[in-house]
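Reader: I would like to go through the charged side-chain pairs and the strand arrangement of this model with some care. Could we take them one at a time, with the reasoning laid out before each result?

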Amino acid sequence: MAEEQLVTFSLGSEEFGVNIMLVQEIIRIPPITRVPKAPSYVEGVINLRGNVIPVVSLRNRFGMDRVEETDLSRIIVLQVDSKVFGIRVDGVTEVLRLDSESIEPPPPVALGMDSQFIRGVGKIGDRLLILLELEHIMGES
């Protein structure tokens, strides 16, 4: 049975998952430098060991309200295709394995988010995990 390893994180009360193979590292939020004329969902750039990496606010990208940063806020640094970027999340929950039978296609309503960002919904007991499709998150629709 095929299974995936996911890094799960929260935005408000929702739980999301991304494939662990895309995750380079998870870091605390460093100073973020704003970039003029960047799309509204790009918070700015960070310097990660000499590499300048754009940071996307997933809350903003998904049309959720902004919240204050907390001790749990993190940036998940991802490499998708050849692009490296960070996504700001409210908290990283866990790493888990999900077998492919527990993954449903996204619901037609797509939970009010652009369906291009949703790969499916994972069921873990009574929890639902929104599995993200990250190829389009940086704005190439």
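Reader: With which residue does Glu25 form a salt bridge?

Author: The model is a predicted one, and the answer rests on the closest N and O atoms of the pair, which are 2.5 Å apart. That separation falls within the 4 Å cut-off for a salt bridge, and the partner of Glu25 is Arg49.

Reader: How many residues apart are Glu25 and Arg49, and where does each of them lie?

Author: Glu25 belongs to strand E3, which covers residues 23-27, whereas Arg49 sits in the loop between strand E4 (42-48) and strand E5 (51-57). The salt bridge therefore links distant parts of the chain, the two residues being separated by 24 residues.

Reader: Why does Arg49 count as exposed or buried?

Author: The class follows from the relative accessible area, for which exposed means over 50%. Because Arg49 has a relative accessibility of 65%, this residue counts as exposed.

Reader: Which residue meets the side chain of Arg59 in a salt bridge, and are the two buried or exposed?

Author: The N to O distance of this salt bridge is 2.7 Å, and the partner of Arg59 is Asp90. Arg59 lies in helix H1 (residues 58-61) and Asp90 in the loop between strand E7 (83-89) and strand E8 (91-99), so the pair ties together parts that are 31 residues apart in sequence. As for accessibility, both Arg59 and Asp90 are buried.

Reader: Which residues are joined into one network by salt bridges that share partners?

Author: One salt bridge connects Glu94 with Arg127, with the closest N and O atoms 2.7 Å apart. Since Glu94 is in strand E8 and Arg127 in strand E11 (residues 127-132), this pair ties together parts that are 33 residues apart in sequence. Glu94 counts as partly exposed at 30% relative accessibility, and Arg127 is partly exposed as well, at 29%. Through shared partners, the network consists of Glu15, Glu94 and Arg127.

Reader: Which strands are the edge strands of the open sheet of 5 strands?

Author: The strand order of this sheet is E3-E6-E7-E5-E4, with mixed pairing, and the twist averages 30° from one strand to the next. An edge strand pairs on one side only, which identifies E3 and E4.

Reader: How many bridges join E4 to E5?

Author: The two strands E4 and E5 run antiparallel, and Ile46 stands opposite Ile53 in E5. The number of bridges joining E4 to E5 is 6.

Key. Residues are numbered from 1 along each chain as its sequence is written. This is a predicted model: local features need pLDDT of at least 70, side-chain atom pairs count only at pLDDT 80 or more; totals for chains, interfaces and linings use all residues. Side-chain values use heavy atoms; hydrogens and water are left out. Helices (H or I, at least four residues) and strands (E, at least two) are DSSP runs, numbered from the N terminus. Buried means under 20% relative accessible area, exposed over 50%, partly exposed in between (1.4 Å probe, protein chains only). Two strands pair if DSSP finds at least two bridges between them. Axes are lines fitted to C-alpha atoms, for helices over the stretch in contact, and angles run from 0 to 180 degrees between N-to-C directions.
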